[in-house]
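Hi everyone, thanks for making time for this one. I'd like to walk you through a structure, starting from a single residue and working outwards. Let's put it on the screen.

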Amino acid sequence: MTTLAERPAAGLTFRQKLSRFDFKASPYLYVSPFFILFGLLGLFPIAYTMNVSLYEWNLLKGQGDFVGAGNYISVLTDPFFWNAVGNTFSIFLLSTIPQLIAATVLAALLDQAIRASTFWRMSILLPYIVAPVAVAVIFTQIFSQFNGPITGVLQLLGMDPIRWGFDPFASHIAIASMVNWRWTGYNALILLAAMQSIPRDIYESAALDGAGKIRRFFSITIPMIRPTMIFVVITSTIGGLQIFAEPKLYDGQSNGGANRQFQTIVLYLYEMAFPRRDFGRAAATAWILFVIIILIGLINFAISRSIASQDAGRTRARVARTMKGVRS
Amino acid sequence: MTTTTEARSIAPSLIVTDGSTPRRARRSYDRPGFLTYALLTAFFVGAVFPLWWSFVIGSRQASDINLVPPAVVPGPNFIANAIKVFETVDFAKALVNSVIISGAITLSVVFFSTLAGYAFAKLRFRGRSGLMVAVVATMAVPTQLGIIPLFMIMSELKWTGTLGAVIVPGLVTAFGVFFMRQYLVDVIPDELIEAARVDGASMWGTFWHVALPAARPAMAVLGLFTFMAAWTDFLWPLLVLGPNNPSVQTALAALNASGGHTPDHSMVLAGALISVIPLLILFVVTGKQLISGIMSGAVKG
């Protein structure tokens, strides 16, 4: 601390007072930039969204009359909103479930004494660095009804092309593929970390007891990484319900397809707010989505807590049993 | 903490798992067979194919996208297609803008997170635990949903079309504060802080000379992920930047829409690849830190 020597030997009491003030006030000074900026730019806009949602908004005139719950009613009675909710959940399920399975398999593959492990880890993480916009641009060309590799291969096999951009379910698969491609390797690494924290002697005693690879995977690995799997599901829920770039760019000319066959909730919000300037309905949509996300988060949390407490008991019993078997 | 490999060696212990994982014994039960490598190769091909195929089409002529069987070997036209990209949209400006935006956001997030994280981890003050609970609670808040008032504020301030409109809302994150707090709580011994105080160092001096050097590995990891998140962000830049002052992502979206219903596939895919190159370089240089960051729970999804 070179600064100490340079300090002038001012009046001791004043220095003591100063030091005391420094000691008391500094912590608040250090945390305040975060709270001020986050309050102004993070929390205030969300709270103010509520205020915006209570007024009528007009493309030309801007803010209009107070309408109370009017915007909420018009959103909740809009078939296009429910269409967007259905699409969002369809895409969300098509991306979460296959992704979780693939990531778990991939993590189990990597959780062995493989050669060149850094190379494999890097290669599966590669898609994560590709921005959603670029992923969407590339996959739009891959999942094209008219040309591209999939249509090319189908033609080679003498099959009809799939109507990717038009058929709702096919378009959901295409968009879910973008999400899956980008996130599977990333989530596999999180699950791999959980697998590596499982004590190896549990596997050893199970192997001694004659449990095969598959058996060990389902009876030891899966139960032990379940909390991490739930974490992965929660984070992909929060992200998955706010999906925007992929469906927006899958058909760059519209907001989710000619018949809104892949319009998601955030894309619906975007269409309300920006082409139409109906900020009231857009804000109401934002609040409804906010509530949906919080609700699903709470449900996830409740489920994970009950599973975690059950698991703790069960795993302890299983380990005890196994150890007893080893000792006797 | 002056070794060059510090980030690598310390990052795996960044979070709060169940303590140390001893180096694993390589026993017969986890020796992989042929099937493992076959499956890993399949995942590898799946991860690389979209980028490879973009390069194949991006280096040929646009009509080659119609070939049956599909083209799998690159052609000679990548440079020509890349030039077309820069002629169609202002990609050079977009790259500079994205570097400025992501750089500013990263510096700010890392600095303020370290400062607040240090206070929460090592300083005693009234209301500390309550405020920390507030930080954790706000991590779950989807701030993206506040875009409408935020957009109105930016219009009111006449900031739309400027980089500030993108940078300012990203200056702090709750996750960053939480992350730095988790790291610093273990890594700096309380005695070290007290010793500095006893020696007469000011609070700021203690932060600057004791906490900051110790925090460096975690700052690097947080900085990497913050930079990548800012670089890949799309919705908010799309709303406030406008076509004359694009970020990489909004420029790529404009490029994608440039041909209407008859896009130049080769040019669009070449543009997508160009947009990926900066993060690809970052990935090659820092890939190991990214992996250990993710594996130590460094990142929220």
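In which helix of chain B is B:I105 found? The answer is α4, which covers residues 91-122 of chain B. One thing to keep in mind while we look: this is a predicted model.

So, is B:I105 buried or exposed? B:I105 has 24 other C-beta atoms within 10 Å, and because the cut-off for buried is 20 or more, B:I105 counts as buried. Now for the company that B:I105 keeps. If we set aside neighbours within four places in sequence, the contacts of B:I105 are B:I167, B:G170, B:L171, B:T226 and B:A230. Take one of these, B:I167. In sequence, B:I105 and B:I167 are 62 residues apart, yet from C-alpha to C-alpha the separation is 5.9 Å.

Let's zoom out to the chain around that residue. Chain B has 301 residues, and 46% of them count as buried. How many helices and how many strands does chain B have? The count is 13 helices and zero strands, so if you read the elements from the N terminus on, you get α every time. As for contacts in chain B between residues at least 6 apart in sequence, 78% of them join residues at least 24 apart.

One helix in chain B deserves a slower look, and that is α13, residues 265-295. At 1.5 Å a residue, a straight helix of 31 residues would span 45 Å, but the end C-alpha atoms of α13(B) span only 37 Å. Where is the kink in α13(B) centred? It is centred on B:T286, and the angle is about 80°.

The helix α13(B) comes up again when we turn to the contact between the chains. That contact takes 90 residues from chain B and 86 residues from chain A. On the side of chain B that touches chain A, α13(B) gives the largest share, with 15 residues. Sorted by class, that side of chain B has 60 nonpolar residues, 21 polar ones and nine charged ones.

Over to the partner, then. Chain A has 13 helices and two strands. The radius of gyration of chain A is 27 Å, whereas the globule rule gives 20 Å for 328 residues, so chain A is more spread out than a compact globule. The C-alpha trace of chain A spans about 90 × 80 × 40 Å along its principal axes. Of the 328 residues in chain A, 40% count as buried. For contacts in chain A between residues at least 6 apart in sequence, the share joining residues at least 24 apart is 69%.

Let's take a helix here too: α8(A), residues 168-196. For its 29 residues we would expect a span of 42 Å at 1.5 Å a residue, and the end C-alpha atoms are 40 Å apart, which agrees. There is still a kink in α8(A), of about 40°, centred on A:W183. As for its surroundings, 23 of the 29 residues of α8(A) are buried, so the helix is largely enclosed by the rest of the structure.

Now the strands. In chain A, β1 (residues 55-58) and β2 (residues 62-66) run antiparallel and are joined by three bridges. A hairpin of three residues leads from β1(A) to β2(A). If you want to follow the pairing on screen, A:N58 stands opposite A:G62, and A:Y55 has A:F66 as its bridge partner. How many of the five residues of β2(A) are buried? The count is zero, so to speak of cover, β2(A) is hardly covered.

Last, a pair of backbone angles for those of you who like to check phi. A:A116 is not a glycine, yet its phi is positive, at about 55°. A:A116 is found in the loop between α4 (79-110) and α5 (117-125) of chain A, and with 11 C-beta neighbours inside 10 Å it counts as exposed. Chain B has a case as well: B:K158, a residue other than glycine, has a positive phi near 60°. B:K158 is found in the loop between α6 (147-156) and α7 (164-167) of chain B. With 9 other C-beta atoms within 10 Å, B:K158 is exposed.

That's my tour. Thanks for listening, and I'm happy to go back to any part of it.

Technical notes: Residues are numbered from 1 along each chain as its sequence is written. Chains are lettered from A and ligands numbered from 1 in the order in which they are written. This is a predicted model: local features need pLDDT of at least 70, side-chain atom pairs count only at pLDDT 80 or more; totals for chains, interfaces and linings use all residues. Helices (H or I, at least four residues) and strands (E, at least two) are DSSP runs, numbered from the N terminus. The expected span of a helix is 1.5 Å times one less than its number of residues. The bend at a residue is the angle between axes fitted to the seven residues ending there and the seven starting there. The radius of gyration is taken over C-alpha atoms; the globule rule is 2.2 Å times the number of residues to the power 0.38. A residue is buried if 20 or more other C-beta atoms lie within 10 Å of its own, exposed if 12 or fewer, and partly exposed in between; C-beta atoms are placed from the backbone. Two residues are in contact if their C-beta atoms, placed from the backbone, lie within 7 Å. Ala, Val, Leu, Ile, Met, Phe, Trp, Tyr, Cys and Pro count as nonpolar, Asp, Glu, Lys and Arg as charged, and the others, Gly among them, as polar. Two strands pair if DSSP finds at least two bridges between them.
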